[in-house]
Amino acid sequence: MPQPSGVGNSGLVDSSFQTVFVTSMKAAILIQQWYRRYLARMEVRRRYTWTIFQNIEYAGEQDQVKLYNFFNALLSHMKDTSGRPSSERTSRTTSVLEQVFSEESDEGGGVEETAPPKHSRGPDIEFPLQRKDIDLLIEAFRKKKHRLHPKHVGQILKEAAQVLKRMPNIHVATTSISSQITVCGDLHGKLDDLLVIFHKNGLPSPENPYIFNGDFVDRGKKGLEVFLLLLSCMLAFPGGVFLNRGNHEDLIMNSRYGFIKEVHQKYRHNAERILKLIECVYRWLPLGTIINNRVFVVHGGISDTTDLDMIRSLERDKYVSLLRPPVTDGSGTGAEVVDKVEWKQVFDILWSDPQCTGGCVANALRGAGTYFGPDVTATFLQKNKLSFLIRSHECKPGGYELMHNGNVITIFSASNYYELGSNKGAYLKLCGNSLERQFVQYTAAVSRTRRLTFRQRVGLVESSAMRELHNQIMTVRRSLEATFRSMDLDQSGYISISDWCQAMEETTHLGLPWRMLKDKLVRTDPDTRRVRYMDTFDLYASKIGRKTDSSNVVETLYKNKSSLEAIFKILDKDNSGFITLEEFSEACQLIGKYMPNPMTQEQLVDICRLMDINKDGLVDLNEFLESFRLAEKSLQYEDQEYAEIQVT
């Protein structure tokens, strides 16, 4: 029977449509699978890049703790006046606060504060500070106008020290008046991030209070501006700003991570006076804040021995640097034990990190503080009748992270911390009596990051991470190359992948996924699957223009004359102005375990004799300094000679 007109055509259309639909679906699924694989690859690159940055950062902090071990060994062995009585420390603080400042000029020298003041091109602020002065400071800092006059810098630091001195070790904050409070994490000299926070959330006030949770300086270029602006807000808005001390509020850390250099560059005629005042402010910064008797805000974290009652009662001003704990000069051992227990209390809350697993163990990655688990957090919160803990101290990709079932919150407020596009910054608002959590994320320099695709951002951060890794590798080149050659039994220039990974980890101690990074660092023979190990040192060798700011313990110790003079005085036990062979050997044996390569007695004798340039059997300060100058020059010549040999 013939079909109605159009029925056959309709079937053909339906069949054609189904074919097109199926083809389109297959194409969509293929695209989706490709995109997911692409995102997975990008995520792998992002994660190992993050690991490189973080582990190199922690390796640097570990070096600083080794420095503490070095100095503490000396200080424990030889009498020191670090543990001064409270009255003596107070008188010293008073003398620091009475300093006067010189005019900054290209010619150097200065006019004292008592002289008729010159016209200053910087912001003309008045004391006591008010809202209008804060606006002037923000405008001047934001537009990079003329620098704040040194006498104003000194006045802010002096007044801040006096205010902080009257505060308890642990702040008590409340939302009863304000109905909200904002917690900010590490800023690390990132003025743009601080200004973004103030723009989004408003300036501090009793009705809009802030807690800034330490690490205001170092690494960023505007550490001094950030620090001065925070202190100024604290002075201008009483009850509106709570400042907690971080592990970078410490001049020993500042000497490594850039803040001391920044102060010298910006105020070269008054740098030492300003740094003494900054140190005074550091000493009086409170150690934590408790909100509504329910939330503990502290820079690092806790340990299984953290005791808030002990922290409340200790004398925080004696901890000038946590990397140089005070040594009690008493006849009884009891006082010394208490001193070390107190020091550990402060050290743990400024340096510790949370971990996913239970328990509390030494923080081997940083070399300081602890890793504390969810069980330690639960016990601490229950003991102190608290609801949760807020801390900072760790950069997070999204600016914040929740751990331990939401009982530990990490807040990090410096965006683009490792590189442009590497991470967001964040702050936390706690609202009402219930302390409802509101996380706010942001990125400074938005206009620059918006122009980059996701792949470009990952690539930019990855390139920066590989440069930093290359710098780190070059600091251990001699020992790493020696290890490679010992594994290359046939002197072919190639070793197995396993041997290469083992050598990289044993020499650098960075804890990185070396197998994953292999293709970024070295070439592999496709037939033998063996690594050409000398490629390890050639990564971007001709392209990198940045100087490494990484250094090992010895390089950091002997970086400048003042450090050498301090070490010389410690070695010179009898203050004769000379180091004898016995004094040198005794000190080196004591600290030998903290040095990278322990030396025999014969080697120590040879070193001391080499220092004795005039061969009188004694080493004076000039000979001591000259010996290290010549040693450094010799090392530089060796590197240059080796590079020339490689080229030819």
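The legends below describe several close-up views of a predicted model.

Local features are reported where pLDDT is at least 70, side-chain atom pairs count only at pLDDT 80 or more, and totals for chains, interfaces and linings use all residues. Residues are numbered from 1 along each chain as its sequence is written, and side-chain values use heavy atoms, with hydrogens and water left out.

**View 1. The whole chain, with 22 helices and 18 strands.**
Helices (H or I, at least four residues) and strands (E, at least two) are DSSP runs, numbered from the N terminus. Of the 648 residues in the chain, 49% are buried, where buried means under 20% relative accessible area, exposed means over 50%, and partly exposed lies in between (1.4 Å probe, protein chains only). With contact taken as heavy atoms within 4.5 Å, residues 24 or more positions apart account for 72% of the contacts with a separation of 6 or more. The accessible surface comes to about 32,000 Å², and 53% of this surface belongs to carbon and sulfur atoms; the areas come from the Shrake-Rupley method with a 1.4 Å probe, and for residues only the protein chains shown count as cover.

**View 2. The open sheet of six strands.**
The strands follow the order E1-E5-E6-E10-E12-E11 with mixed pairing, two strands being paired if DSSP finds at least two bridges between them. Strand E1 (170-173) and strand E11 (400-403) are the edge strands, and each of them pairs on one side only. From one strand to the next, the twist averages 20°; axes are lines fitted to C-alpha atoms, for helices over the stretch in contact, and angles run from 0 to 180 degrees between N-to-C directions. Within the sheet, strand E5 (residues 288-291) and strand E6 (residues 295-297) run antiparallel and are joined by three bridges, with Thr 289 standing opposite Val 297 in E6.

**View 3. The open sheet of five strands and the helices that touch its strands.**
This sheet has the order E4-E3-E2-E13-E14, again with mixed pairing. Strand E4 (241-243) and strand E14 (436-442) stand at the edges with a single partner strand each, so one side of each is left without a neighbour in the sheet. Neighbouring strands are turned by 20° against each other on average, direction ignored. Strand E2 (residues 180-184) runs antiparallel to strand E13 (residues 425-431), and five bridges join the two; here Gln 180 stands opposite Cys 431 in E13. Helix H5 (residues 191-201) packs on the sheet, where it touches E2, strand E3 (210-212), E13 and E14, and its direction makes about 130° with that of E14. Helix H6 (residues 223-236) lies across E3 and E4 and runs at about 130° to E4.

**View 4. Aromatic pairs, of which the count comes to 15.**
Rings of Phe, Tyr and Trp (its six-membered ring) pair if their centres lie within 6.5 Å, and planes under 30 degrees apart count as stacked, over 60 as edge-to-face and the rest as tilted. Phe 198 and Tyr 210 form an edge-to-face pair, at 5.6 Å centre to centre and with 85° between the planes. Phe 198 lies in helix H5 and Tyr 210 in strand E3, so the pair ties together parts that are twelve residues apart in sequence. Both residues of this pair, Phe 198 and Tyr 210, are buried, and together with Phe 212 they form one aromatic cluster. Tyr 417 and Tyr 418 form a tilted pair, at 4.8 Å centre to centre with 55° between the planes, and Tyr 417 and Tyr 418 are buried as well.

**View 5. Arginine charges over aromatic rings.**
A charge sits over a ring if NZ of Lys or CZ of Arg is within 6 Å of the ring centre and within 35 degrees of the ring normal. The charged end of Arg 437 sits over the ring of Phe 388 at 4.2 Å from its centre, and that of Arg 256 sits over the ring of Tyr 257 at 5.7 Å from its centre.

**View 6. Backbone geometry in three loops.**
Most residues other than glycine have a negative phi, and most peptide bonds are trans. A cis peptide bond, with omega of about 0°, joins Phe 127 and Pro 128, and Pro 128 is found in the loop between helix H2 (86-97) and helix H3 (131-142). Asp 218, although not a glycine, has a positive phi of about 80°; Asp 218 is found in the loop between E3 and H6 and counts as buried at 0% relative accessibility. His 509, also not a glycine, has a positive phi of about 55°. His 509 is placed in the loop between helix H16 (497-508) and helix H17 (514-521), and is exposed, with a relative accessible area of 56%.
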